[in-house]
Each structure stands twice: as structure tokens, then as C-alpha cells.
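Student: I have not seen this structure before. Please take me through it by question and answer.

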Amino acid sequence: MNFFKKLFGIKDKEDINKVHEVMKETPNVKEISVDDLKKKIDNKEDFTLVDVRTESELNYGKIKCKQFKFIPMQEIESREKELDKNKEVITYCRTGHRSHSVAQDLMKHGFKKVSTVKDGLMAWRKYDKSIEPY
């Protein structure tokens, strides 16, 4: 317990309660496998696939589908109006870490159906070998 107290700067019970409150406010993000994403694309399901990487990362490839939208992570807050809060939104990045964070932010802003691609674009290479690893 002392290790966690030092790690998180917890001094007393009030600090512990603050940590619990922050954890309650952090929405759980559903992860979707690349296999399930492929099925959704093949079945022409109605969703928006948001690539949150940087513009230069597009040079390595992207997930190709008509539902694709490129909104870099740094721009998501200013451009979230481009997304429908009532439509399923699936985020992805290179490995899934940034897209997970973006998905959490979208949920905090009222998006109801948000998920992220587990292991990101690198996992999608299973379906598209033209994507360059980086």
C-alpha cells in the first residue's frame, strides 16, 4: 500500500476518495477486434471509423472503407461536431492507445456508441499487407 501511496501522491483518505471519483468518471471503452471490424465493413454496417493518427502516419497506410474519417487526436475536440453522437463511432490509431483515449473523451462528451480497434492499425495488417509497420 505504501508503494501506491508514493506512486500516486496519496497522503490521506481524502486523496484516496479523489482517486476513486476520477476512476468512476472515466468511461470504460469497448474494444473491437479487427475480425469484428472486418465483418462490420463487409456487412456495410452504419458506423464511422475515425483514424486519430497524425497526417504523416497516413503514409504508412490506413483502413480502407467508405465509413472512414480522418481526425487527428489533437483536433478531435474542435471537430467532434463532424461526428454523429447517435451513430456508432469506432476509433483507431497505430496500436490502440491514442484511440482508446479519444474514445474515452468522446464518451465524456455524450457519444453513446463508441469503441476502439484493439491493437489498432498494426493488427489490421492481417487484412491489408500493404500497411507498412512503423
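Tutor: Helices (H or I, at least four residues) and strands (E, at least two) are DSSP runs, numbered from the N terminus. This is a predicted model, in which local features need pLDDT of at least 70 and side-chain atom pairs count only at pLDDT 80 or more, while totals for chains, interfaces and linings use all residues. Residues are numbered from 1 along each chain as its sequence is written, and side-chain values use heavy atoms, with hydrogens and water left out.

Student: Where is the place of Gln67?

Tutor: Two strands, β2 and β3, flank this residue in the chain. Gln67 therefore has its place in the loop between β2 and β3.

Student: Is Gln67 buried or exposed?

Tutor: Buried means under 20% relative accessible area, exposed over 50%, and partly exposed in between (1.4 Å probe, protein chains only). The relative accessible area of Gln67 is 9%, so this residue counts as buried.

Student: Which backbone oxygen does the side chain of Gln67 reach?

Tutor: Contact means heavy atoms within 4.5 Å. Leaving aside residues up to four places away in sequence, Gln67 touches Lys40, Ile41, Lys44, Glu45, Phe47, Thr48 and Leu49. A polar contact is a pair of N or O atoms within 3.5 Å; within protein, one must be able to donate a hydrogen and the other to accept it, and residues adjacent in sequence count only if both atoms are side-chain atoms. At 3.1 Å, the side chain of Gln67 reaches the backbone oxygen of Glu45.

Student: Which residues of helix α3 are buried?

Tutor: Helix α3 spans residues 34–42. What covers its buried residues includes β1 (30–32), β2 (47–51), β4 (88–92), β5 (114–117) and α6 (120–124). The buried residues are Val34, Leu37, Lys40 and Ile41.

Student: Why are they on the same side of α3?

Tutor: An α-helix has 3.6 residues a turn, so residues three or four places apart point the same way. Taking directions from the helix axis to the C-beta atoms, the buried residues lie on the same side of α3 because they cover an arc of only 115 degrees.

Student: What is the phi of Lys44?

Tutor: Lys44 follows α3 and has its place in the loop between α3 and β2. With 64% relative accessibility, Lys44 is exposed. Most residues other than glycine have a negative phi. Lys44 is not a glycine, yet its phi is positive, at about 55 degrees.

Student: What is the order of the strands in the open sheet?

Tutor: Two strands pair if DSSP finds at least two bridges between them. β1 and β5 pair over 3 bridges, 3 bridges join β4 to β5, and β2 pairs with β4 over 5 bridges. The open sheet has 5 strands with parallel pairing, in the order β1-β5-β4-β2-β3.

Student: Which strands stand at the edges?

Tutor: An edge strand here has a single partner strand, so one side is left without a neighbour in the sheet. The two are β1 and β3 (68–70).

Student: Which residues are buried on the two faces of β5?

Tutor: In a regular strand the side chains alternate between the two faces of the sheet. Both faces of β5 are covered. On one side the buried residues are Val114 and Thr116, and on the other they are Ser115 and Val117.

Student: Which residue stands opposite Thr116 in β5?

Tutor: β5 has partners in β1 and β4. Ser115 in β5 has Ile90 opposite. Opposite Thr116 stands Glu31.
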